[in-house]
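Biologist: I am new to this structure and would like a close look at one part of it, the strand that comes at the start of the numbering, together with whatever surrounds it. Could you take me through it step by step?

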Amino acid sequence: MAGIVPTLGAPSSYRDRRYEGGLEKLERDLGVSTTLYVGNLSFFTTEEQLHEVFSKCGEIKRIIMGLDRLKKTPCGFCFVEYYHRDDALDCMKYINGTKVDERIIRTDIDPGFISGRQYGRGKSGGQVRDEWREDYDEGLSFDQRSRWMGCTSA
């Protein structure tokens, strides 16, 4: 029965293909990291809201908001860095899959924040996954909703 349901707080099998240092270094860094990647945030979620939620699992060192590479506006993800690894792991157990700003968020252990990773990697400057989205998403920014609906901005 244990193999049917994934363990709470278990890191996903996702690996950043752009990670420098190879798979072995990535696995080592993931094993000691105190940083979480948080995805599926509303474009309107603030750093203050995130601090209130994530501080319930431990003392936060810093929160880095994900930004559209071109517009420098929030684009639906962030990094939360804790002082202690156990706090990050607790966060994955207790906060992953909960609602923040009316959206179910995803958390995953991250090898550690490096400057430049706060920017979206999509062609439009935002997240790649939003460019593949086929459904209407109320939490997207006005520009993203307009693009989805086939509108153009003036």
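**Strand S1 and its surroundings**

Modeller: Strand S1, residues 35-39, has four of its five residues buried, so the strand is largely enclosed by the rest of the structure. Please keep in mind that this is a predicted model.

Let us begin with the sheet. S1 belongs to an open sheet of four strands, whose order is S2-S3-S1-S6 and whose pairing is antiparallel. The edges of this sheet are S2 and S6, each of which pairs on one side only. Averaged over neighbouring strands, and with direction ignored, the turn of one strand against the next is 25°.

S1 has a partner on each side in that order. With S3, residues 74-82, it runs antiparallel and is joined by five bridges, and with S6, residues 106-110, it also pairs in the antiparallel sense, again over five bridges. Thr35 shows both pairings in a single residue: its bridge partner in S3 is Glu81, while its bridge partner in S6 is Asp110. Next to Thr35 in the numbering, Leu36 has Val80 as its bridge partner in S3.

Two helices bear on this sheet as well. H2, residues 47-54, lies across S1, S2, S3 and S6, and runs at about 140° to S2. H3, residues 85-94, lies across S1, S3 and S6, and its direction makes an angle of about 150° with S6.

The nonpolar residues tie several of these elements together. The largest nonpolar core has 21 residues, and those that touch the most other members are Leu50, Phe54, Cys78, Val80 and Tyr82. At least two residues of this core come from each of H1, S1, H2, S2, S3 and H3. A second core, separate from this one, has six residues, among them Cys75, Phe77, Phe79 and Phe113. Val80 thus appears twice in this account, as the bridge partner of Leu36 and as one of the core residues that touch the most other members. To see how far the contacts of one core residue reach, take Leu50: setting aside residues up to four places away in sequence, it touches Leu41, Thr45, Ser55, Ile63, Met65, Cys78 and Val100.

Glu81, the partner of Thr35 in S3, also deserves attention for its charge contacts. Its relative accessibility is 11%, and because that is under 20% it counts as buried. Even so placed, Glu81 forms a salt bridge with Arg62, in which the closest N and O atoms are 2.7 Å apart. This pair links distant parts of the chain, with Arg62 in S2, residues 60-67, and Glu81 in S3, 19 residues apart. Arg62, at 37% relative accessibility, counts as partly exposed. The model has six salt bridges in total. Another of them pairs Asp29 with Lys25, the closest N and O atoms being 2.8 Å apart, and here both residues sit in helix H1, residues 22-32, four residues apart, about one turn of the helix. Asp29 is buried at 18% relative accessibility, whereas Lys25 is partly exposed at 31%. A further salt bridge, between the side chains of Lys99 and Glu102, has an N to O distance of 4.0 Å, and its two members are exposed, Lys99 with a relative accessible area of 56% and Glu102 with 66%. Salt bridges with shared partners also join Lys61, Arg62 and Glu81 into one network.

Finally, follow the chain out of S1 into the loop that leads to H2, where Ser42 is found. Ser42 has a relative accessible area of 6%, which means that it is buried. A polar atom of the Ser42 side chain lies 3.0 Å from the backbone nitrogen of Phe44. From Ser42 to Ile104 the distance is 9.5 Å, C-alpha to C-alpha, although the two are 62 residues apart in sequence. Ile104 itself lies in strand S5, residues 103-104, and, leaving aside neighbours within four places in sequence, Ile104 is in contact with Asn40, Gly97, Thr98 and Lys99.

Notes. Residues numbered from 1 in each chain as written. Predicted model: local features only at pLDDT ≥ 70, side-chain atom pairs only at ≥ 80, totals over all residues. Heavy atoms only, no water. Contact = heavy atoms within 4.5 Å. Buried < 20%, exposed > 50% of the residue type's maximum accessible area, 1.4 Å probe, protein only. Pairing = 2+ DSSP bridges. Polar contact = N/O pair within 3.5 Å; in protein donor to acceptor, adjacent residues only side chain to side chain. Core = buried A, V, L, I, M, F, W, Y, C linked by side-chain atoms within 4.5 Å. Axes fitted to C-alpha atoms, helices over the stretch in contact; angles between N-to-C directions.
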